[in-house]
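Please look through the sequence and the coordinates shown here before reading on. The paragraphs that follow move from the overall dimensions to the strands, and from there to the aromatic rings.

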Amino acid sequence: MAVGEAYKLEYKTLKDPYTGVEFLKLTDSRGNTVHPYFTQPLFSSNGETILLTSDRTGEWQLYKLDIPDRIITQLTDDYQVHPHAPCLDGRNMIAYYWSGRLLKSVDLETLETSVIYIIPKGYLPTVLSITPNGRYLAFAFFEEFEVSSLKGRVYHRSLEYMYRRPRSLILRVDLKKEEVVPVWGESAWIAHVNISPVDPDIILFCHEGPWHLVQRMWIVRVSTHEVWPLLRQKRFLERAGHEFFTNNGYVVAQYSRRSSPSSNDWVYYDVFINPVGEDMRRYRYPYLPPIHIKTNSKGDMAVGDRCYPTADFKKGDSYIGLIRYLEDGKVEQRPLCRHNTSWSRAQHSHPHPIFTPDDKWVIFSSNREGCCNVYMAPVVWE
């Protein structure tokens, strides 16, 4: 395939043997195909088109999938495209992505590309975040180090990078004014930048590293450059992460705590909190939590990539699960379908489930058939 080339897909229907739910394999096993990171907007405004990345040509590139029409179209032919970093302005149908050090855009209709920004040599970019109206884009970059310690597994560099304190910088781009504002910088490993969907003056970012060793979540106000910690943690005893904004501007994070630094008696929650650190709500899991969660448009339900609804359910690691938040501060879970991923290939095979904009379907990735593909399951609470 080349830029602009479209290909008709034949969706494959699968049926989960335990739940009986029928779900679809959307992509065709031609190389690895995944959706970008779960915290970013990836759908068109009407929910019919999703932004994907695939290495089916030998290199990772951007694609759009028109779900009802089953048409996948190649959008880019660039060098060093980061498969998890892109995001989509679904209103104007423009995707933003990293090609090496170049921040670029591609129009999903005309396929015209533009260079927005170039990060300095010796730095690595983070995932991209965009406001719903498509005006403001936020991201960070951090100092690149040669890692001398453990290699060959996911997060192998986390301890070394955290302790070496790479210089990092957060930026916000006003795409209308073509103005780039450095928002906050420090000698700490910054990642997971998210701009508020209701207030572009508010940016959420994290100090990366093992969650129990860092104060993970922080907020910066662009207009004043004020910075404050969100959901203050007790080091060694508490951890939080996989943070994202809900549609109404609250921050959701997966949180856990234990009784002592050497104990393994973790208690797990999902936490909702506003950006100034008020109105916090915690929902407790009775058993193991998902690895990643994402809420629906109302924020009253979530989807996760692990599901333990009861003490005797032994298949939880392999299941996409639906989550309801109850008024008594607990969660209720239902297994939806098996993802059966191996969790290998860095983060490519992580399911990272998300809802479609109408909340009727769940999209996830899996390498259950060897290479990574994208799947779609109906939201069925049975």
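A compact globule of 382 residues would have a radius of gyration near 21 Å, and the chain has 20 Å, so the value agrees with that expectation. The model is a predicted one, and the C-alpha atoms of its chain fill a box of roughly 55 × 50 × 40 Å when the box is taken along the principal axes. Of the 382 residues in the chain, 58% are buried. Among the contacts between residues at least 6 apart in sequence, 47% join residues that are at least 24 apart.

The secondary structure of the chain consists of one helix and 31 strands, and it is convenient to begin with the strands near the start of the numbering. Strand E2 (residues 12-15) runs antiparallel to strand E3 (residues 22-25), and four bridges join the two; within this pairing, Lys15 stands opposite Glu22 in E3. E2 and E3 form a hairpin with six residues between them, and in the turn Gly20 has a positive phi of about 80 degrees. Strand E3 also pairs with strand E31 (residues 373-378), again in the antiparallel sense, over two bridges, and here Leu24 has Met376 in E31 as its bridge partner.

Further along the chain, an open sheet is formed by four strands in the order E25-E26-E27-E28, with antiparallel pairing. Its edge strands, each of which pairs on one side only, are strand E25 (293-295) and strand E28 (331-338). From one strand to the next, the twist averages 25 degrees. At the E25 edge, three bridges join E25 to strand E26 (residues 301-304), the two running antiparallel, and Ile293 stands opposite Gly304 in E26. As a general point for reading such a sheet, the side chains of a regular strand alternate between its two faces.

The aromatic side chains offer another way through the model. A pair of aromatic rings is described by the distance of the centres and the angle of the planes. The structure holds 19 aromatic pairs. In one of them, the rings of Tyr283 and Tyr325 have their centres 4.8 Å apart and their planes at 50 degrees, so the pair is classed as tilted. Because Tyr283 lies in strand E24 (residues 281-284) and Tyr325 in strand E27 (residues 319-325), this pair ties together parts that are 42 residues apart in sequence. Both tyrosines, Tyr283 and Tyr325, are buried.

A second pair, formed by Phe313 and Tyr319, has ring centres 5.5 Å apart and planes at 65 degrees; since planes over 60 degrees apart count as edge-to-face, the pair of Phe313 and Tyr319 is therefore edge-to-face. Phe313 counts as buried because its relative accessibility is 7%, and Tyr319 is likewise buried, with a relative accessible area of 0%.

Elsewhere, ring pairs link Phe142, Phe145, Tyr161 and Trp189 into a cluster. Which charged residue lies over the face of Trp266, and at what distance from the ring centre? It is Arg239, at 3.7 Å from the ring centre. In a further arrangement of this kind, Arg281 lies over the face of Tyr250, at 5.3 Å from the ring centre.

Definitions and conventions
Residues are numbered from 1 along each chain as its sequence is written. This is a predicted model: local features need pLDDT of at least 70, side-chain atom pairs count only at pLDDT 80 or more; totals for chains, interfaces and linings use all residues. Side-chain values use heavy atoms; hydrogens and water are left out. Two strands pair if DSSP finds at least two bridges between them. Axes are lines fitted to C-alpha atoms, for helices over the stretch in contact, and angles run from 0 to 180 degrees between N-to-C directions. Rings of Phe, Tyr and Trp (its six-membered ring) pair if their centres lie within 6.5 Å; planes under 30 degrees apart count as stacked, over 60 as edge-to-face and the rest as tilted. Buried means under 20% relative accessible area, exposed over 50%, partly exposed in between (1.4 Å probe, protein chains only). A charge sits over a ring if NZ of Lys or CZ of Arg is within 6 Å of the ring centre and within 35 degrees of the ring normal. The radius of gyration is taken over C-alpha atoms; the globule rule is 2.2 Å times the number of residues to the power 0.38. Contact means heavy atoms within 4.5 Å.
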